Amino acid sequence: MMFAAAAAAILVALALAITRAIKGPTVFDRVLAGNSVGTLAIMLLAVVGFLTERPEFLDIGLTYGLLNLIGTLSVLKFFRHGDLAYDVDSEPKS
Amino acid sequence: MRYVSLAGLLFAFWLALSGHYTPMLVTAGVVCAVACVFAAIRMRVADPEGHPIELFRGAITYFPWLFWEIAKSGWSVTRVILHPSLPISPTMTVVRASQKTAAGMATYANSITLTPGTMTVGVSGDEFTIHALVRDGAIDLEGGGMDRRVSQFEGAA
Amino acid sequence: MRLAVEIASWGFMLLGSFFTLVGAFGLVRMPEVFTRMHAASVTDTLGVGFLIFGMCLQAGFGLVSLKLLFLLALFFFTAPVVTHALAQACLHEGIKPQLAEDRRGMTGARPTDPDDGRQPS
């Protein structure tokens with residue numbers, strides 16, 4: 001019962017985060033919202049794991065947490081340098 | 001010493017995540033832990049910055065204190081968010097970090113960012129550029145209470 | 001005893017849900033990207049923390065609780081890294097935060113350009 005309540009709250013929060021991802025206005029708002037969606041998805045995984053009494057879901061949550069970090073950082077790096085394998089020396093001074 | 005503790009921690013992590021204790025899997029865990037330590041040495045991350053065993057003793061009291069700080073400032077940010085008139089006063093300021101090691105400074109910067117309402121947006125030398133949601137948060141940080149607590153945590157080793 | 005644990009974990013789960021919702025609500029309500037990050041960090045710390053403590057109480061002492069605590073540690077170590085990277089990327093891109101007060105030159109410390117993460121040349 002309490003897990004169902006928590007899952008409902010997380011789903012509402014997910015909807016709000018997706019609203020922000022759609023509204024933007026800058027790409028960084030979308031990245032921030034995407035990161036929040038990732039965090040909430042992990043919590044949803046954990047809560048649903050308890051709801052269905054299958055705690056193995058936590059392993060997936062841990063993996064997804066690592067992927068979420070790397071995904072967000074690589075998106076940020078891409079938007080900053082336009083390239084994931086940028087060369088420090090060739091970058092113009094700003 | 002550092003390498004042994006790193007290997008031990010990695011093996012404990014393996015055991016905790018695996019949950020199966022057959023001889024084959026435990027041996028595989030030992031091999032993986034040792035291989036990871038060799039990879040870390042080759043990548044030069046098994047140094048006082050990558051695996052700060054000196055900080056473990058201070059961490060026992062530091063993390064409960066940090067949780068309490070997060071709870072307090074999280075509650076004040078919650079009040080700001082739910083307040084009908086949204087009374088934000090975003091402020092940027094510069095604070096000085098008195099920590100000596102890179103791990104200590106990273107702990108301070110991450111603690112500032114982790115506490116809702118304040119975040120570190122830039123580091124140059126020993127100065128952190130801080131963005132705070134409300135003016136009081138910036139003034140609290142300039143007072144240096146958290147800086148002293150992190151220095152104490154760093155010096156507890 | 002059983003009842004006390006049940007009530008405490010209900011309390012923690014409800015608090016966690018509340019802070020998760022507040023953070024997401026702030027994400028929608030705040031006016032610009034820097035202030036939104038503060039709202040998102042409420043979800044990342046308090047929401048996640050209380051939910052995980054609540055689940056730990058339900059799971060009891062064992063591997064499941066340990067994994068939940070790993071998850072919490074993962075959040076506590078990665079959330080500031082992401083926030084910091086995001087803030088630096090915003091500044092680098094030239095998005096200026098709307099400030100009520102800029103105290104950067106007033107604290108006796110030298111106002112310097114924040115290091116944007118590039119190697120010094």
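Look at chain B, where strand β2(B) and strand β3 (residues 127–132) lie side by side: six bridges join them, and they run antiparallel. To find your place in this pair, pick out B:T118, which stands opposite B:A132 in β3(B). Keep in mind that what you're looking at is a predicted model.

Now zoom out a little. These two strands belong to an open sheet of four, and the order is β2(B)-β3(B)-β1(B)-β1(C), with mixed pairing. Notice that the last name in that order belongs to chain C. Which strands stand at the edges? They are β2 (118–124) of chain B and β1 (101–102) of chain C. Each has a single partner strand, so one side of each is left without a neighbour in the sheet. Chain C also brings a helix here: α2(C) packs on the sheet and touches β2 and β3 of chain B. The helix direction makes about 120 degrees with that of β2(B).

That brings us to the contact between chains B and C as a whole. Chain B puts in 47 residues and chain C puts in 44 residues. Between them the two chains bury about 4,000 Å², and 71% of that is on carbon and sulfur atoms. On chain B's side, the residues that lose the most area to chain C are B:I81, B:M92 and B:L114, together 16% of what that side buries. And how many salt bridges are there between chain B and chain C? The count is zero.

Let's go back to helix α2(C), this time to see how it meets chain A. Helix α2 of chain A (residues 27–51) packs with helix α2 of chain C (residues 33–59) at an angle of about 10 degrees, their axes being 11 Å apart. Since angles under 35 degrees count as roughly parallel, that makes α2(A) roughly parallel to α2(C). If you want to trace the contact, residues from α2(A) include A:F28, A:L32, A:M43 and A:F50, while those from α2(C) include C:V33, C:M37, C:L51 and C:A59. Sorted by class, the contact has 15 nonpolar, four polar and three charged residues.

Last stop: C:A85, which you'll find in helix α3 (residues 63–92) of chain C. Beyond its neighbours up to four places away in sequence, C:A85 touches A:L73 and A:L76, so to speak reaching across to chain A. For a sense of distance, try C:P31: C:A85 and C:P31 are 54 residues apart in sequence and 20 Å apart in space, C-alpha to C-alpha.

Key. Residues are numbered from 1 along each chain as its sequence is written. Chains are lettered from A and ligands numbered from 1 in the order in which they are written. This is a predicted model: local features need pLDDT of at least 70, side-chain atom pairs count only at pLDDT 80 or more; totals for chains, interfaces and linings use all residues. Side-chain values use heavy atoms; hydrogens and water are left out. Axes are lines fitted to C-alpha atoms, for helices over the stretch in contact, and angles run from 0 to 180 degrees between N-to-C directions. Angles under 35 degrees count as roughly parallel, over 145 as roughly antiparallel, 65 to 115 as roughly perpendicular and the rest as oblique. Contact means heavy atoms within 4.5 Å. Ala, Val, Leu, Ile, Met, Phe, Trp, Tyr, Cys and Pro count as nonpolar, Asp, Glu, Lys and Arg as charged, and the others, Gly among them, as polar. Two strands pair if DSSP finds at least two bridges between them. Buried area is the accessible area (1.4 Å probe) that two parts lose on being put together, summed over both. A salt bridge is a side-chain nitrogen of Lys or Arg within 4 Å of a carboxyl oxygen of Asp or Glu.
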